[in-house]
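Biologist: Please take a close look at a single part of this model and describe it in a connected account. I should like the metal site treated in detail, together with whatever helps to place it in the fold.

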Amino acid sequence: VIALRQQTDPSWIQLAVARFDAVLQDHAHCEKKAAAHALSLLTSYPQLPGLPRAMAALAREEAQHLSQVVQLLEKRGITLGRDEGDPYAKALYAHVRTSNPGRMVDLLLVSALIEARSEERLRLLSENLPEPELRAFYRELALAEAGHSNLFVKLAQRAAPEEVDARLSELLDLEAKLIRELPVRAAVH
Ligand SMILES: [Fe+2]
Ligand SMILES: [Fe+2]
């Protein structure tokens, strides 16, 4: 997995455990966006070898996560609610170049970063939530996010082998800065 350059502040863990229901609502929307994003990449970049197969499988897996999280919400008597948006993802996408092939590489690398940060956050939930059932659920999902992050890096390497390391390093610095600067929310990011 990508080595992130800024660890999540402990204040996020405290807030996320205290307001877990809100985190769970946001988490459902994250899975929904991950599934939709996979299909959108397949639509935009069908020519990249391996991408259509990988994104079709990813969309199915993320939709499965969405289904699991929605069932958890129902079990806890919480409605899904509207998507409040994700300032973190929005700020990262703002750095994506507007024309290809740079755009394709950036979209893949930003996806890799979001998956890596999600891995960290879901792992923190698996280590800090009180309910054993939830801890096991988040442990499993964190492992899945790690795999997704690696998949996106691999696709980015295939898309632009000569520039991917330098661009990933730039985006890692930007991501770390965002994590330091954005307010802590009762949400995955
Ligand atoms: Fe997922
Ligand atoms: Fe994912």
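Modeller: A crossing of two helices is called right-handed if the near helix is turned clockwise from the far one by less than a right angle, and left-handed if anticlockwise. In this predicted model, helix H1 passes H5 in a right-handed crossing. The axes of H1 (residues 10-18) and H5 cross at roughly 65° and come within 10 Å. On the H1 side the contact is formed by Trp12, Ile13, Ala16 and Val17, and on the H5 side by Arg121, Leu124, Leu125 and Asn128. Classed by residue type, this contact has six nonpolar, one polar and one charged residues.

H5 spans residues 102-128, and the loop between helix H4 (87-93) and H5 holds Pro101. The peptide bond joining Asn100 and Pro101 is cis, with omega about 5°.

As to the metal site, the iron ion (ligand 2) has protein donors from Glu62 (OE), Glu115 (OE, listed twice), Glu145 (OE) and His148 (ND1), at 2.1 to 2.6 Å. Along the chain, these donors follow the spacing E-x52-E-x29-E-x2-H. Glu62 coordinates both this ion and the iron ion (ligand 1), the two ions being 3.5 Å apart. Because Glu62 lies in helix H3 (residues 51-75) and His148 in helix H6 (residues 132-159), the pair ties together parts that are 86 residues apart in sequence. Both Glu62 and His148 are buried.

Methods:
Residues numbered from 1 in each chain as written. Chains lettered and ligands numbered in written order. Predicted model: local features only at pLDDT ≥ 70, side-chain atom pairs only at ≥ 80, totals over all residues. Heavy atoms only, no water. Donors = N, O, S within 2.8 Å, 3.2 Å for Na, K, Ca; no water. Helix = DSSP H or I, 4+ residues; strand = E, 2+ residues; numbered from the N terminus. Buried < 20%, exposed > 50% of the residue type's maximum accessible area, 1.4 Å probe, protein only. Axes fitted to C-alpha atoms, helices over the stretch in contact; angles between N-to-C directions. Contact = heavy atoms within 4.5 Å. Nonpolar A, V, L, I, M, F, W, Y, C, P; charged D, E, K, R; others polar.
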